[in-house]
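The following exercises concern one protein model. Each consists of a task and a solution worked in steps.

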Amino acid sequence: MANPLDTDAGSELFSNYEAELKLVEADLNQKLDQIQEYSGEERKSAIRQAERALEEAKELLDQMNLEKSNIPSAIRSKVNTRFRNHQSDVDGLGRKLKSLASDRKALFGDRYTDEDPANPNDVQLEQRQQLLSGTERLGRSSQRLQESQRIALETEQIGANTLADLHTQRATIENTHRNLQQSEGYVDRSVKTLRGMARRMATNRIITVAIITVLVLLIIAVIYGKFH
């Protein structure tokens, strides 16, 4: 049988299909065991049920085959191994079902002889069953298509939300950039103001020194004139 489900490898959708396939395989195995116990109409009914289960298993394999192409290459080899194991299991179940269905004596019971042609009623019944099986298969395919559409819509919504978040973050960054530019402008003006104040302080200091120098010279001149 296939390896146990490893939810750490492969996409979530692939794992969901794999889990569903395991259930279908188990159900098909049970139906094949029951076929061997039946004969006549009961056997026909059991074979038809097994054929529908086999068709469902093949559909799930097709879905898994499509989905595994979306899995990152780093883990794809492991997923491919799991897929091949399931494919081998389903092929084996199909061969077993074909072998059981070809046992016409068990299928028709005491009515079967090698010389009698096939009963036309059986052919019509088989055609009706095939039509019903095709209808059921179409219904299951429609359900899976709807599920895929739902997942696509959810993915689209997630993408839209992500774009909205990115737009908000961009607006925040642009606003921060504008605030930074304004802050730089304030800093530049502050630097210019400080430089102007420094120049005025230097000028005032020179003027003060000059005044003090003049006063000292005047005092010296007065003292000199007083004693001479």
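**Exercise 1. Explain how far apart Arg150 and Glu147 lie along their helix, and characterise the contact between their side chains.**

Step 1. The model is a predicted one. Arg150 and Glu147 are three residues apart in helix 5, so about one helical turn separates them.

Step 2. Side chains of opposite charge can pair when their charged atoms come close.

Step 3. For Arg150 and Glu147, the closest N and O atoms are 2.4 Å apart. The criterion for a salt bridge is a nitrogen-to-oxygen distance within 4 Å, and Arg150 does form a salt bridge with Glu147.

Step 4. Arg150 has a relative accessibility of 37% and therefore counts as partly exposed. Glu147, at 31%, is likewise placed in the partly exposed class.

**Exercise 2. Determine which residues are linked with Arg150 in a network of salt bridges.**

Step 1. Arg150 also meets the side chain of Glu154 in a salt bridge, with an N to O distance of 2.4 Å.

Step 2. Glu154 and Arg150 both belong to helix 5, where they are four residues apart, about one turn of the helix.

Step 3. The relative accessible area of Glu154 is 39%, so Glu154 is partly exposed.

Step 4. The network of salt bridges thus links Glu147, Arg150 and Glu154.

**Exercise 3. Analyse the pair Glu174 and Arg170: what is the N to O distance, and is each residue exposed or partly exposed?**

Step 1. The side chains of Glu174 and Arg170 meet in a salt bridge at 3.2 Å, N to O.

Step 2. Because Glu174 and Arg170 are four residues apart in helix 5, about one helical turn lies between them.

Step 3. Glu174 has a relative accessibility of 36% and counts as partly exposed. Arg170 reaches 55%; the exposed class begins over 50%, so Arg170 counts as exposed.

Step 4. In total, the structure holds seven salt bridges.

**Exercise 4. Identify the residues of the positive surface patch, and locate Lys192.**

Step 1. The positive patch is formed by Arg189, Lys192, Arg195, Arg199 and Arg200.

Step 2. Lys192 is found in helix 5, which comprises residues 120-227.

Step 3. With a relative accessibility of 58%, Lys192 counts as exposed.

**Exercise 5. Describe residues 206-225 by their annotation and conformation, then examine the nonpolar surface patch that includes Ile207.**

Step 1. An unreviewed UniProt entry places the feature "transmembrane region" at residues 206-225.

Step 2. Over residues 206-225, the chain is 100% helix and 0% strand. The C-alpha atoms at the two ends are 28 Å apart.

Step 3. Ile207, Ile211, Val214, Leu215 and Leu218 make a nonpolar surface patch of about 450 Å².

Step 4. Ile207 has its place in helix 5. A relative accessible area of 44% makes Ile207 partly exposed.

**Exercise 6. State how many helices and strands the protein chain has, and what share of its residues is buried.**

Step 1. The protein chain has five helices and zero strands.

Step 2. Read from the N terminus on, the order of elements is α-α-α-α-α.

Step 3. A residue is buried when its relative accessible area is under 20%. Buried residues make up 24% of the 228 residues in the protein chain.

Technical notes
Residues are numbered from 1 along each chain as its sequence is written. This is a predicted model: local features need pLDDT of at least 70, side-chain atom pairs count only at pLDDT 80 or more; totals for chains, interfaces and linings use all residues. Side-chain values use heavy atoms; hydrogens and water are left out. Patches are made of residues with over 30% relative accessible area and no salt bridge: like charges are joined within 9 Å, nonpolar side chains (Val, Leu, Ile, Met, Phe, Trp, Tyr) within 5 Å. Accessible areas come from the Shrake-Rupley method with a 1.4 Å probe; for residues, only the protein chains shown count as cover. Lys and Arg count as positive and Asp and Glu as negative; His and the chain ends are not counted. The place of a charge is taken as NZ of Lys, CZ of Arg, CG of Asp or CD of Glu. Buried means under 20% relative accessible area, exposed over 50%, partly exposed in between (1.4 Å probe, protein chains only). UniProt positions are given in the numbering used here, feature names are shortened, and annotations may be inferred rather than shown by experiment.
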